[in-house]
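Colleague: Thanks for making time for me. Could you walk me through this model, one question at a time?

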Amino acid sequence: MEDCLFCKIISGEIPSTKVYEDADTFAFRDIHPQAPAHILVVPKKHVDSVAALNEENADIAAKCLLTVAKVAKQENLENGYRVVSNCGPDAGQTVPHLHFHILGGKRLKDSMD
C-alpha cells in the first residue's frame, strides 16, 4: 500500500530502529515507547488489521506471533511481556497495518487503560 507508514518503514523509505527481520516480518522499536521495551512486529505483506484476517491470510498472524516470541527472547524479556494488537480507531489503532506491540522490561500494570 503506497501511503502506509509501516510499508514505508519496511521498505526503508522511512528510517526505523530495526531489531529483527525475516522473509515475512519486520520488528522495530516504537518511537513513543510505553515501556522500557516497546517493539512493533509487522507483517511485510500489508493487511489492515486483525479484522482483515481470513482463511487465506491467517498465516500472517501466526508468523508475526512467532516473531514476537523470537524478539522477546532476543530482548531478554524472560520475566514476561505483553502483546497487544489494536484493531480500529476506537481501540487506538493509528496505522492501518496489522501490528503487534511487545511491551516489557518492567512490571506492567494489571489494567490496560
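**Overall fold**

Modeller: Happy to! The secondary structure of this protein comes to two helices and five strands. Please keep in mind that this is a predicted model.

Colleague: In which pattern do the helices and strands follow one another along the sequence?

Modeller: There are two helices and five strands to place. Read along the sequence, they give the pattern α-β-β-β-α-β-β.

Colleague: What is the radius of gyration of the protein?

Modeller: The globule rule gives 13 Å for 113 residues, and the protein comes close to that, so it is as compact as a globular protein of that length. Along the principal axes, its C-alpha atoms fill a box of roughly 35 × 30 × 25 Å. The radius of gyration is 13 Å.

**Strands**

Colleague: Is strand β5 mostly covered or mostly open, and how many of its residues are buried?

Modeller: Strand β5 spans residues 100–104 and is mostly covered. On one side sit Phe100, Ile102 and Gly104, on the other His101 and Leu103, and both faces are covered. For the protein as a whole, buried residues make up 39% of the 113 residues. In β5 the number buried is five of five.

Colleague: Which residue in β5 is the bridge partner of Val83?

Modeller: Strand β4 (residues 81–84) is joined to β5 by four bridges, and the two run antiparallel. Strand β3 (residues 37–43) also runs antiparallel to β5, with five bridges, and there Ala37 stands opposite Gly104. For Val83, the partner in β5 is Ile102.

Colleague: How many residues lie between β1 and β2?

Modeller: Strand β1 (residues 18–21) and strand β2 (residues 25–29) run antiparallel, joined by three bridges. Within this pairing, Glu21 has Phe26 as its bridge partner. The two strands form a hairpin, and the number of residues between them is three.

**Aromatic rings**

Colleague: What is the geometry of the aromatic pair formed by Phe6 and Phe28?

Modeller: A search of the whole structure finds two aromatic pairs. In the pair of Phe6 and Phe28, the ring centres are 5.5 Å apart and the planes meet at 70°. The pair links distant parts of the chain, with Phe6 in helix α1 (residues 5–11) and Phe28 in strand β2, 22 residues apart. Planes over 60 degrees apart count as edge-to-face, and this pair is edge-to-face.

Colleague: And how do the rings of Phe26 and Phe28 pair?

Modeller: Phe26 is buried, as is Phe28. Ring pairs link these two and Phe6 into a cluster. The centres of the Phe26 and Phe28 rings are 5.9 Å apart with planes at 45°, so the pair is tilted.

**Surface and loop**

Colleague: Is Tyr81 buried or partly exposed?

Modeller: Tyr81 is in strand β4. Together with Leu65 and Val83, Tyr81 makes a nonpolar surface patch of about 250 Å². Its relative accessible area is 36%, so Tyr81 is partly exposed.

Colleague: Which residue other than glycine has a positive phi, near 60°?

Modeller: The residue is in the loop between α2 (59–74) and β4. At 55% relative accessibility, it counts as exposed. The residue with phi near 60° is Asn76.

Terms used. Residues numbered from 1 in each chain as written. Predicted model: local features only at pLDDT ≥ 70, side-chain atom pairs only at ≥ 80, totals over all residues. Heavy atoms only, no water. Buried < 20%, exposed > 50% of the residue type's maximum accessible area, 1.4 Å probe, protein only. Pairing = 2+ DSSP bridges. Phe/Tyr/Trp six-rings, centres within 6.5 Å; stacked < 30°, edge-to-face > 60°. Patch = residues over 30% accessible without salt bridge, like charges linked within 9 Å, V, L, I, M, F, W, Y side chains within 5 Å. Areas by Shrake-Rupley, 256 points an atom, 1.4 Å probe, with all protein chains shown as cover. Salt bridge = Lys/Arg side-chain N within 4 Å of Asp/Glu carboxyl O. Rg over C-alpha atoms; globule rule 2.2 N^0.38 Å.
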